[in-house]
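Work through these exercises with the model open. Try each task before you read its solution.

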Amino acid sequence: MKRLSFVVLILAFVGVSALACTSIIVGKDASVDGSVMVTHTCDGSYDSRVQVIPGQTFPEGAMAPVYEDRLHETLPGHQRVKRGEIPQVSQTYTYFHVAYPFMNEHQVLIGEATFGGRSEMVNDEGLFFIEELEAFALQRAKTAREAIKVMGELAEKYGYADWGETLTVIDPNEAWVFEIVGPGPLWTPDCGEPGAVWAAQRVPDDHVFVVANRSRIGEIDLSNPDYFMASSNVFSKAQEMGFWKPEDGPFVFHKVYNPVPYGWKHYQQRREWRVFSLLAPSLNLDPYAEWYPFSVKPDKKVSPRDLMAINRDHYEGTEFDLTKGMAAGPFGNPNRYATPRSVKPAGKESLDWERAISIFRCSYSFVGQARSWLPDPIGGIIWFGEDAPHSTVYVPFYAGITHTPKSFSEGSREFFDKDYAWWAFNFVSNWADLKYSYMIEDIKKVQKEFEDQFFENQPAIDKTALELYNKDPELAKQFLTTYSNTMATTVVDRWWKLADELVFKYYDGYVDGKSVGYPTWWLEEVGFGDTVGK
């Protein structure tokens with residue numbers, strides 16, 4: 001299939017980093033305001049357009065198309081492929097479509113991280129890929145539990161054709177981790193066996209969770225349905241495939257279905273450690289450990305802005321700080337471009353750069369909140385950022401809005417499309433690499449101005465929307481749509497202006513027309529003057 005061929009090519013030529021994302025969950029009793037929160041950094045070349053897909057009613061007998069590879073729309077040469085269709089439900093819910101669909105009108109929100117898993121479990125006979133499962137769940141579910149059941153049932157009935165995936169699924173009351181792999185090589189649509197293997201575990205309300213491209217679910221206790229769910233074949237398929245047998249000891253999902261995570265050593269672990277070390281430093285976790293707890297209780301309540309800061313992290317202040325050392329250059333650039341095996345030093349062919357949470361090749365990221373004390377159109381909110389987290393602005397999109405601005409909902413990466421918001425943030429981020437330690441401060445200043453304003457305004461926006469909602473829910477939706485779209489458009493306009501300012505301020509290596517040279521330590525390291533002084 002085209003999707004599998006694409007993945008193989010990516011792995012071969014770019015490296016496993018092309019499939020890398022980080023997602024965090026915060027339970028309602030672990031957050032500052034009682035909201036359940038989820039994040040996702042969508043790292044790689046993905047469709048970052050945010051489109052609101054209205055819910056609909058359908059006549060009996062209607063069919064719903066199922067597509068392949070919708071997550072790469074807007075990319076050069078992309079062709080959407082219809083894989084098949086399934087019976088449609090009588091009513092679908094409004095949801096937000098992006099590479100990995102992330103919110104619906106009932107405050108169900110979803111984050112994502114690929115873990116790959118065993119190649120033996122992949123079967124391209126299945127109908128569903130992960131992004132389509134997300135879309136169908138958001139169209140058909142009012143709670144996180146319902147979303148997991150929808151995805152599990154669809155994958156089992158029609159087959160799952162994708163690699164191993166973790167989804168972080170929340171609603172205003174609960175947070176769940178859903179992990180899924182294919183059914184193995186012998187499955188066919190008419191074999192009568194489940195077309196996927198999956199498990200789900202609930203995150204305790206007072207805990208935080210992180211996933212960074214490896215399976216995170218351990219032992220499964222199906223006698224406790226309040227905290228665990230799974231496919232009927234979760235144990236039997238492992239025995240059938242020879243991955244596990246009861247005499248081996250406890251069944252551990254990640255050991256059975258993802259025993260060797262992709263990437264170099266600590267590729268996943270380091271990000272997990274970083275999130276837990278920032279939110280629960282009292283645990284004093286070892287940054288070189290092989291495994292960390294499924295979830296932990298944070299030392300203090302977590303805010304949306306805490307999560308935004310984590311999304312922007314490059315291990316600053318630790319021994320892994322990517323803004324330090326020769327690799328960061330004279331101006332502390334934390335970005336490390338993909339390095340082909342053919343040019344790596346001898347003996348280090350299997351190694352790579354340290355992997356931070358914020359990376360230059362992120363298509364988009366978000367911090368999502370589900371708030372039980374507000375009506376769904378107001379309670380659900382996605383703080384959305386185009387391109388790399390460290391150089392973006394998180395703008396508020398409420399669950400009740402009817403559309404997003406054209407600059408966020410349309411556009412292409414087949415050319416430099418100045419009408420597409422993603423390019424504004426991508427350009428500023430790339431330009432900043434020329435003199436990062438200087439330009440990131442300019443970016444942070446404007447970034448903070450906007451985000452300070454958004455959070456200062458939020459109580460008043462929520463209050464006004466609630467007053468309108470109590471009169472007429474449609475008035476609240478119109479108000480929130482106007483507010484969200486105005487803020488998003490204002491940010492994009494300002495970012496293009498910021499691009500102009502940075503080009504002028506830092507042209508030809510100058511800073512405001514003045515020569516600043518290079519740091520003395522760097523000049524010493526590179527042998528400044530050694531040749532001309534002879």
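**Exercise 1. Find which residues K237 contacts, leaving aside its neighbours within four places in sequence.**

Solution. This is a predicted model. Start with the position: K237 lies in helix α4, residues 236-240. Next, list the contacts. K237 is in contact with M121, P183, V197 and Y257. Now check the cover. The relative accessible area of K237 is 11%. Buried means under 20%. So K237 counts as buried.

**Exercise 2. Follow Y257 and list what it touches, not counting residues up to four places away in sequence.**

Solution. Begin with the contact already met: Y257 touches K237. Add the other contacts from helix α4 and its surroundings in the list: N233, V234 and A238. Then take F115, G117, R118 and M121. V181 and V197 follow. F243 and F251 complete the list.

Now place Y257 in the interior. The largest nonpolar core has 144 residues. Y257 is among those with the most contacts inside this core, together with F102 and V169. Which helix gives the most to this core? Helix α12, residues 473-505, does, with 11 residues. The general background: in soluble globular proteins, nonpolar side chains tend to be buried together.

**Exercise 3. Decide whether F397 is buried or exposed, and find what it touches.**

Solution. First, locate the residue: F397 lies in strand β17. Second, read its accessibility. F397 has 0% relative accessibility, so it counts as buried. Third, list the contacts, not counting residues up to four places away in sequence. F397 touches M103, G380, I381, I382 and F384. It also touches T404, P405 and F408. S484, N485 and A488 are on the list too.

Fourth, compare chain and space. F397 and W383 are 14 residues apart in sequence. Their C-alpha atoms are 6.3 Å apart in space.

**Exercise 4. Examine the backbone of Q107 and D387, where phi is positive.**

Solution. Recall the background: most residues other than glycine have a negative phi. Q107 is not a glycine, yet its phi is about 65°. D387 is not a glycine either, and its phi is also about 65°.

Now place them. Q107 lies in the loop between β7 (103-104) and β8 (109-116). D387 is found in the loop between β16 (381-386) and β17 (395-398).

Last, check burial. Q107 has 0% relative accessibility and counts as buried. D387 is buried as well, with a relative accessible area of 0%.

**Exercise 5. Work out how covered helices α2 and α6 are.**

Solution. Take α2, residues 130-140. It is mostly covered: 11 of its 11 residues are buried. Charged residues appear in the buried list, including E131, E132, E134 and R140. Nonpolar names appear too, among them I130, L133 and F136.

Turn to α6, residues 269-279. Here 10 of its 11 residues are buried. Among them are R270, R271, E272, W273 and R274. What covers these buried residues? The cover includes strands β1 (21-26), β12 (208-211) and β14 (295-296), and helix α7 (304-311).

**Exercise 6. Show how P298 sits against L279.**

Solution. Locate P298 first: it lies in the loop between β14 and α7. At 11% relative accessibility, P298 counts as buried. P298 and L279 are 19 residues apart along the chain. Their C-alpha atoms are separated by 5.1 Å. Then check for contact, not counting residues up to four places away in sequence. P298 touches L279 and A280. A30, D206, H207 and V208 are also touched by P298. L279 is one of the buried residues of α6.

**Exercise 7. Describe the whole fold in numbers.**

Solution. Count the elements: the protein has 13 helices and 19 strands. The radius of gyration is 23 Å, close to the 24 Å that the globule rule gives for 534 residues, so the protein is as compact as a globular protein of that length. Along its principal axes, the C-alpha trace spans about 80 × 65 × 50 Å.

Next, the interior. Of the 534 residues, 60% count as buried. Take the contacts with a separation of 6 or more: residues 24 or more positions apart account for 73% of them.

Finally, the surface and charge. The protein exposes about 21,900 Å², and carbon and sulfur atoms supply 54% of it. There are 52 positive and 73 negative side chains. The centres of the two sets lie 3 Å apart.

Terms used:
Residues are numbered from 1 along each chain as its sequence is written. This is a predicted model: local features need pLDDT of at least 70, side-chain atom pairs count only at pLDDT 80 or more; totals for chains, interfaces and linings use all residues. Side-chain values use heavy atoms; hydrogens and water are left out. Helices (H or I, at least four residues) and strands (E, at least two) are DSSP runs, numbered from the N terminus. The radius of gyration is taken over C-alpha atoms; the globule rule is 2.2 Å times the number of residues to the power 0.38. Buried means under 20% relative accessible area, exposed over 50%, partly exposed in between (1.4 Å probe, protein chains only). Contact means heavy atoms within 4.5 Å. Accessible areas come from the Shrake-Rupley method with a 1.4 Å probe; for residues, only the protein chains shown count as cover. The place of a charge is taken as NZ of Lys, CZ of Arg, CG of Asp or CD of Glu. A nonpolar core is a set of buried Ala, Val, Leu, Ile, Met, Phe, Trp, Tyr and Cys residues joined through side-chain atoms within 4.5 Å.
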